[in-house]
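Visitor: I would like a close look at a single helix and its surroundings. Please show me the model first.

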Amino acid sequence: MAKKSIGPVRREFKPWESPDHEPFIEFRNVTKKFGEFVAVDNLSLKIYEREFFALLGGSGCGKTTLMRMLAGFETPTSGQIFLDGQDLAGIPPFRRPSNMMFQSYALFPHMSVEKNIAFGLKQDKLPASEIVARVAEMLRLTKLEQFGKRKPHQLSGGQRQRVALARSLAKRPKVLLLDEPLGALDRKLREETQFELMNLQEELEVTFLIVTHDQEEAMTVADRIAVMDKGTLVQVATPAEIYETPNSRFVADFIGDVNMIEAKVAEKSGMGTRLVSVADGFVIESEQETDAGVGDSVWYAIRPEKVRIVQGRGQDGVPNQINGLVWDIAYLGDVSIIHSKVGENDDDIIRATFANVSRMVEKPIMWEDEVVMSFDRDAGVILTG
Amino acid sequence: MKENIAAPKRRSLGAWALIAAPYLWLLILFLVPFLIVFKISLSQVAIAIPPYIPAFDLAEGWQAFRDNLSELSFENYIWLTEDDLYWKSYLSSVTIAGISTLLTLLIGYPIAYGMARSPRSIRPTLLMLVILPFWTSFLIRVYAWIGILKNEGLLNQLLLALGIISEPMVILNTNIAVYIGIVYSYLPFLVLPLYASLERLDGSLLEAAEDLGCPPWKAFWKITLPLSLPGMIAGCFLVFIPAVGEFVIPDLLGGSDTLMIGKTLWVEFFSNRDWPVSSAVAVILLMILVIPIVLFQNQQQKMSERDG
C-alpha cells in the first residue's frame, strides 16, 4: 500500500523530524507549582528556529504559565528552560531576548503609537535615527502609517492589536510570544489577522510561540501544535496530524467535532482491526492495528465529514455501514450537520456532515428520514486512552 | 461617545427639577452668600451693629441701587494693596500651602503605592485606616498635636529618652508645626485619589515595559508615575486649596510670626471688627483659589474624556 500523507502541507518545514537539528527553545522537565496547585507538571518540549508553534488548551491547562516562564514573569519550581543554547535561569525579563504580545495588548495609554513602538528600542539605547527608521518600518509592516501620532484610546480594537504586534516585533526578538493575541477581535478580523500573522512570521523569520484556546486559530497559523491538559503535553504534532490522528480521546474531542463510538475488538489481523459497537452492534473495520487485545473495549473516533450519508436503508451487518433515523439537522450554510439516531437510546447519535453543493435539492434529507451512513476503512482512528 | 445620536427628547418637569437642584443649591449656598460678602466688602466700617454702613440698601429699590453703583468705592481693596500685611499673608499662605502639599505628596505617594500593591484582601482594611482619623473631630486632632509637639511633649520626651537630642526642640508655635499639622490633616485627601488611580493601573503595563527591556525601577518613572499623574494632581489640589485658607492649624500650632491669610482674616473680622476689609480679604482669597480650581476642573474633565 502506498504511504499516504496526512492532510495538506503548508510549507516544507519540518526541522523536528531530523534528529541533528538543535532545538531553539527547550523546556527540560519544567514544573511550576502555585502553592499546592501544579500548573505545569514535569514538561519537556523542543521548539525549533523559525517555527510557528502553538500551545493549545482550555483555561487552566498551564499554557500561559509555560509562556510566562519563557518570558521570565514566572520562575519554574524545577527544571530548566533554554533559549538559543542559553539557560534562562536567573535572567530577568528585561534582559531576555524574547518579546511578548499581551492578551490585553498592554499598550501604554499615555504614549502615542510611535512612542509605544519606540519604547523597547529606546531601552536598548539605539541611535535616534535608527529608532525612527525602525518605527517607520514597523508602522509600514502593520499598515499603521497614518496612526503613528494617535494615542491608543483613539484606535479601534484591530488597530490596537496591530500596535501591540508592532511594538513586540520592533526589537527583532529571537522569539515572539503571543498570548491569546486575537481573542478580542471579531471573527472576520480574527481570520484576516491570522493570515497576516503567518505572512509576517515568514517575512521576518522570527520564531513565534502562540498561546490560544481557539483550536481553529492554532490550526490555521501553526506549524506544530502542542495540546495541553492539566499541565502536561497530550500531543505535539502538526495541525493535520492532530486532527486526523489524535492520540487520545482528549485530543480528538478537543479538536473539532468527532463521533466517539465505544466498541469492542472482535478480530485482529495484519490487515487491520474489526470492531463491534457496544451500544448498537454495528461492525467497524479499520486498517489501523491496535495494541488492545481481542475483547478489549476501545473507542473509535470518526469525524462527521468522513461519514457519507444518503437516504434509504442498507443491509444490516455490512461493515462500516450504519442505518439511522434523522433526529436533528443543523443547517450552517456551507454544510449541514445531520444527527442520526442509530440505536434505542436517545444519545446513540452519529453526526454526519452533508456538504450543500447545490442550492436546490429535489428531495432533501428531512427529519425522521431513514438514512444509511458509511465510511472508509481509514476514515477513523482507534483510541485506547 | 455616540449616545447623543438619539434625538433629544423634550425634558419633563421632573427632569428639569433634577437638573436645577444642584444649581439651586449652588445659588443659595454659594452665590448668594458670596454676593453678600462682596456687598459688605464695598461698604464702610462703622461702630454699629452690624459694624458697617451698607454701600446701598436693597430696600430702597432699583433707582437707589443704580445711584449707588455710580459712586461705588473699592477703597477696601485699595487698602489691601497699601498695607503689606495682606499681600505678605497671601504669599505666605500660598507658600506654606505649597510646601505642605509637596510634603504631603512625598509622604502620601509611598502610602498610596504600598496600598495599591498590597494583597487584595487587606486593601479594604488599609483604606479604613486612612479614613479612620475622620471619625474624630478635626479640632481635637489638631489640639492633640500640641501635646505631642510642645517642649515637654511626647515627641521631645521620646527623643530625649532615646538620647537623640540633649535638650528639647522647639517645634510648637513654629512654621514646622504648621507643616506637620497640615500634612497630617490633609494626608487622606491626597492618598485616596492617588490610591484610586494607582489601583486601576493595569499590572500588565509594567510587565510589558519590563518585557521590552525596561528594568522595574525605570518602569516606575516611565509608566507608573505618568499614569498616576491625574490622581496626583487631584490629590494635590484637594490639599492645596483648603490649606491656603486654613485657619485652625496655624492658629493652634503656628507661632505669632506664622502669617496665613486665614488668621489675618480672623483678626480683621473678630479683633478689629472690620467687616468690610475682612470681606475684601475673603473675596481676593477666592479669586486666588479660583485659578487652581479651574485648573483642577479642567484636569478632571480631560481625565473623564480619556476614560470615556
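Visitor: Against which helix of chain B do the buried residues of H10(B) pack?

Guide: They pack against helix H9 (203-211) of chain B. Contact here means that the C-beta atoms of two residues, placed from the backbone, lie within 7 Å. Helices (H or I, at least four residues) and strands (E, at least two) are DSSP runs, numbered from the N terminus.

First, the ground rules. This is a predicted model, in which local features need pLDDT of at least 70, side-chain atom pairs count only at pLDDT 80 or more, and totals for chains, interfaces and linings use all residues. Residues are numbered from 1 along each chain as its sequence is written, while chains are lettered from A and ligands numbered from 1 in the order in which they are written.

Confidence comes next. The model scores ipTM 0.84 and pTM 0.82. Chain B averages a pLDDT (the predictor's confidence in each residue, from 0 to 100) of 88, and 94% of its residues score at least 70. Residues 1-6 of chain B have a pLDDT below 50. Beyond near neighbours in sequence, that stretch makes 1 contact in the model.

Now the helix. H10(B) covers residues 216-227, which is 12 residues. Its expected span is 1.5 Å times one less than its number of residues. That gives 16 Å, and the end C-alpha atoms are 15 Å apart, which agrees.

Its buried residues are Ala219(B), Ile223(B) and Thr224(B). Buried means 20 or more other C-beta atoms within 10 Å of the residue's own; exposed means 12 or fewer, partly exposed lies in between, and C-beta atoms are placed from the backbone. Down the axis of H10(B), the buried residues fall within an arc of 85°, so they line one face of the helix. The arc is that of the directions from the helix axis to the C-beta atoms. The face turned away from the buried side carries the exposed residues Trp217(B) and Trp221(B).

H10(B) also takes part in the interface. The contact between the chains takes 15 residues from chain B and 18 residues from chain A. On the chain B side, H9 and H10 each supply at least two residues. H9(B) gives the most to that side, with 6 residues. The chain B side divides into 8 nonpolar, 2 polar and 5 charged residues. Ala, Val, Leu, Ile, Met, Phe, Trp, Tyr, Cys and Pro count as nonpolar, Asp, Glu, Lys and Arg as charged, and the others, Gly among them, as polar.

Look across to chain A. Pro109(A) sits in the loop between strand S6 (98-101) and helix H2 (113-123) of chain A. Leaving aside neighbours within four places in sequence, Pro109(A) is in contact with Lys151(A), Pro152(A), His153(A) and Leu227(B). Pro109(A) is partly exposed, with 17 other C-beta atoms within 10 Å. The C-alpha atoms of Pro109(A) and Gln154(A) are separated by 10.0 Å, though the two are 45 residues apart along the chain.

Chain A also holds an open sheet of 4 strands. Their order is S2-S1-S4-S5, with antiparallel pairing. Two strands pair if DSSP finds at least two bridges between them. S2 (37-47) and S5 (86-87) of chain A stand at the edges, each with a single partner strand, so one side of each is left without a neighbour in the sheet.
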